[in-house]
Amino acid sequence: KLLPYHIIVSAASGDVEAINRILKHYEGYIAVLSTRKLYDEYGNVYIAVDMELKGRIREAIMKMILEFDIKIE
């Protein structure tokens with residue numbers, strides 16, 4: 001499902017609520033991208049979300065939103 005156009009325009013203008021709505025929309029995708037395999041001292045594999053990586057991805061998305069240039073023709 002696509003985000004409404006007015007949400008994108010509001011987010012690009014710096015509306016915090018709109019930016020949060022976009023981040024929530026992509027929350028599942030961000031979690032998948034930040035999932036890592038971790039190994040304990042016995043070699044057992046654990047799947048976990050790397051919170052540092054997740055934060056960096058969210059930060060990059062916010063930066064892209066604020067730099068997004070909307071051209072109306």
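This dialogue reads helix α4, the core it joins and the hairpin in a predicted model.

Biologist: On what basis are the values computed?

Modeller: Because the model is predicted, local features need pLDDT of at least 70 and side-chain atom pairs count only at pLDDT 80 or more, while totals for chains, interfaces and linings use all residues. Residues are numbered from 1 along each chain as its sequence is written, and side-chain values use heavy atoms, with hydrogens and water left out.

Biologist: Which residues of α4 are buried (under 20% relative accessible area, 1.4 Å probe, protein chains only), and which are exposed (over 50%)?

Modeller: An α-helix has 3.6 residues a turn, so residues three or four places apart point the same way. In α4, the buried residues are L53, I57, I61 and I65. They cover an arc of only 115° around the axis (taken from the directions from the helix axis to the C-beta atoms), which puts them on the same side of α4. On the other side, M51, E52, E59, K63 and E67 are exposed.

Biologist: What do the buried residues of α4 pack against?

Modeller: In soluble globular proteins, nonpolar side chains tend to be buried together. Here the buried residues of α4 pack against α1 (5-12), α2 (16-25), α3 (27-33) and β1 (35-39), where contact means heavy atoms within 4.5 Å.

Biologist: How do β1 and β2 run?

Modeller: Strands pair if DSSP finds at least two bridges between them; five bridges join β1 to β2 (residues 45-49), and the two run antiparallel. They form a hairpin with five residues between them, and G43 in the turn has a positive phi of about 90°. K37 stands opposite I47 in β2.

Methods: Helices (H or I, at least four residues) and strands (E, at least two) are DSSP runs, numbered from the N terminus.
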